[in-house]
Amino acid sequence: MRESEKRRRLRVLLIEDDTLVGMGLRGQLERLGHEVIGQAATHAQADALYRTGQPDLALVDIRLGGHDGIEVARSLLAQRPCAMIIVSAFSDEDLVRRAGEAGVYGYLIKPASLESLRAQIEVVLKRFAENEALRAEKEKLAQTLEVRKLTERAKGILMKRANLSEEDAHRRLQQESQKRRISLADLARKIIESEELISGG
């Protein structure tokens, strides 16, 4: 087993309605050092195991009984991000495109060898980590912008109400934030709410 796999034991959810295929995938995953937390044969089972098991990785069959595996993957990813691989005997261009649009990170053709599964997992985990880092950075930037907007608005209220310069209003906000032991954003919100209450709007 590779050193990286020893360090990262993944919790894997199998979404596969063929028991024998599921057993084969489970065996391969366990040989790679991962833990299979369950196998779902239906959309409902997949949804329940995904919620309770909180997997690091999900392998999803493209044909899941009467359900479209790609749509199952899409609905699960809408609940929370997860590294996800479609497993299929079909490699139609349309299916691959739809899988990508649904937000999955990999597409594996059946029957999958141990090495192809290992390689696919490594690539998918890397892509997932990169995407999550970008998402976190985007959220952080959005929060920073929101704090800046709130601070500017609260500063304007202080300048008007207390007849302060912009610099003094900013300093007052910082001092009050430290004094009350609350974030600048929370203090700004309180000031804005008070102003709206006083002004009636």
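In which sense do strand β6 and β7 pair, and over how many bridges? In this predicted model, β6, residues 83–88, pairs with β7 in the parallel sense, over four bridges. One residue pair can be named: G106 in β7 is the bridge partner of I85.

This pairing belongs to an open sheet of five strands. The strand order is β2-β1-β3-β6-β7, and the pairing is parallel. The edges are formed by β2 (35–40) and β7 (106–109), each of which pairs on one side only. From one strand to the next, the twist averages 20°.

Helices pack on this sheet. Helix α2, residues 19–31, touches β1 (11–15), β2 and β3 (57–61). The direction of α2 makes about 170° with that of β2. Helix α3, residues 43–53, also packs on the sheet. The contacts of α3 are with β1, β2 and β6, and its direction makes about 150° with that of β2.

The nonpolar interior was examined next. In soluble globular proteins, nonpolar side chains tend to be buried together. The largest nonpolar core here has 22 residues. Those that touch the most other members are I15, Y50, I70, L76, M84, I86 and V104. Two or more residues each come from β1, α3, β3, α4 (69–79), β6 and α5 (93–102). Helix α4 gives the largest share, five residues. L76 illustrates the contacts. Leaving aside residues up to four places away in sequence, L76 touches I15, A46, D47, Y50 and M84. A second core is separate and has 20 residues, among them L29, Y105, L117 and V124.

Helix α5 was considered in its own right. Its buried residues are L95, R98, A99 and A102. Viewed down the axis of α5, these buried residues fall within an arc of 105°, so they line one face of the helix. Which elements are included in what covers the buried residues of α5? They include β4 (63–64), β5 (67–68), α4, β6 and β7. Both strands of the opening pair, β6 and β7, are thus named in this cover. Just after α5, G103 takes a positive phi of about 105°.

Definitions and conventions:
Residues numbered from 1 in each chain as written. Predicted model: local features only at pLDDT ≥ 70, side-chain atom pairs only at ≥ 80, totals over all residues. Heavy atoms only, no water. Pairing = 2+ DSSP bridges. Axes fitted to C-alpha atoms, helices over the stretch in contact; angles between N-to-C directions. Contact = heavy atoms within 4.5 Å. Core = buried A, V, L, I, M, F, W, Y, C linked by side-chain atoms within 4.5 Å. Buried < 20%, exposed > 50% of the residue type's maximum accessible area, 1.4 Å probe, protein only. Arc of directions from axis to C-beta.
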